[in-house]
Amino acid sequence: MDRIVDLDEAAAVLGRQAVGWRSAGLEVGQVTWRDIQASWPQPLETDRARVHDPDSVGVVLSGPGETELSVVLFRGGWADVDYIAGLDDAGSLPASNIASVADFEARMNQWVGRVFGVCDGTQ
């Protein structure tokens, strides 16, 4: 798999944004990692040191009224993005062709805004 996005840099972005999300009232789960070399089913790890060759990094955000956003970014430049914003508003969001960590950060801000009404992790 091509390495389009540096997952360590993406995790650093999530860590920086978590402060703002928490101050906006969101719960931020632990960042999870998956090692491409691990045996199937590949476990999710919360300790980066246990992952030799990461192929994904993910996080779950939760908000009021059981709102939730789950994002798993893959080093190949796409993400699995699932959300629940309300009883009649849940599903997956498009997340392909992510070209860089800056692109991921901008999209993360859009996804958080879409689900929780919070523009970015700096508020």
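**Close-up views of a predicted model**

**View 1. Surroundings of Gln 42 in the predicted model.** When neighbours within four places in sequence are set aside, the residues in contact with Gln 42 are Arg 34, Asp 35 and Ile 36. Gln 42 itself is placed in the loop between strand 2 (32-35) and strand 3 (44-45), and its relative accessible area of 17% falls under 20%, so Gln 42 is classed as buried. Its side chain takes part in a polar contact of 3.4 Å with the side chain of Arg 34, while a polar atom of the Gln 42 side chain also lies 3.1 Å from the backbone oxygen of Ile 36.

**View 2. Arg 34 and its contacts.** Arg 34, whose place is in strand 2, is joined through its side chain to the side chain of Asp 55 by a polar contact of 2.6 Å, in addition to the 3.4 Å polar contact with the side chain of Gln 42. Beyond the neighbours within four places in sequence, the residues in contact with Arg 34 include Pro 43, Leu 44, Val 51, Asp 53, Pro 54, Ser 56 and Phe 74.

**View 3. The cis peptide bond between Trp 40 and Pro 41.** In the loop between strand 2 and strand 3, where Pro 41 has its place, the peptide bond joining Trp 40 to Pro 41 is cis, with omega at about -5°. Most peptide bonds are trans. Gln 42 is placed in this loop between strand 2 and strand 3 as well.

**View 4. Arg 48 in the loop between strand 3 and strand 4.** With a relative accessible area of 28%, Arg 48 is partly exposed, and its side chain reaches the backbone oxygen of Val 51 at 2.5 Å. Not counting residues up to four places away in sequence, Arg 48 touches Asp 8, Trp 33 and Pro 54; for Trp 33, which is 15 residues apart from Arg 48 along the chain, the separation of the C-alpha atoms is 6.6 Å.

**View 5. Helix 1 (residues 7-23) and helix 2 (residues 101-116).** The axes of the two helices come within 10 Å and cross at roughly 35°, and the crossing is right-handed. On helix 1 the contact is made by Glu 9, Ala 10, Val 13, Leu 14, Gln 17 and Trp 21, and on helix 2 by Val 101, Phe 104, Glu 105, Met 108, Asn 109 and Val 112. Sorted by class, these residues are eight nonpolar, two polar and two charged.

**View 6. The largest nonpolar core.** This core holds 32 residues, and those that touch the most other members are Trp 21, Leu 69, Met 108 and Trp 111. At least two core residues are supplied by each of helix 1, strand 4 (54-62), strand 5 (68-74), strand 6 (78-86) and helix 2. Trp 21 and Met 108 also belong to the contact of helix 1 with helix 2.

**View 7. Glu 66 and Asn 97, two residues with positive phi.** Most residues other than glycine have a negative phi. Glu 66, in the loop between strand 4 and strand 5, nevertheless has a phi near 65°, and Asn 97, in the loop between strand 7 (89-92) and helix 2, has a phi of about 55°. Glu 66 is exposed at a relative accessible area of 71%, and Asn 97 is likewise exposed, at 64%.

Definitions and conventions
Residues are numbered from 1 along each chain as its sequence is written. This is a predicted model: local features need pLDDT of at least 70, side-chain atom pairs count only at pLDDT 80 or more; totals for chains, interfaces and linings use all residues. Side-chain values use heavy atoms; hydrogens and water are left out. Axes are lines fitted to C-alpha atoms, for helices over the stretch in contact, and angles run from 0 to 180 degrees between N-to-C directions. Helices (H or I, at least four residues) and strands (E, at least two) are DSSP runs, numbered from the N terminus. A crossing is left-handed if the near helix is turned anticlockwise from the far one by less than a right angle, and right-handed if clockwise. Contact means heavy atoms within 4.5 Å. Ala, Val, Leu, Ile, Met, Phe, Trp, Tyr, Cys and Pro count as nonpolar, Asp, Glu, Lys and Arg as charged, and the others, Gly among them, as polar. Buried means under 20% relative accessible area, exposed over 50%, partly exposed in between (1.4 Å probe, protein chains only). A polar contact is a pair of N or O atoms within 3.5 Å; within protein, one must be able to donate a hydrogen and the other to accept it, and residues adjacent in sequence count only if both atoms are side-chain atoms. A nonpolar core is a set of buried Ala, Val, Leu, Ile, Met, Phe, Trp, Tyr and Cys residues joined through side-chain atoms within 4.5 Å.
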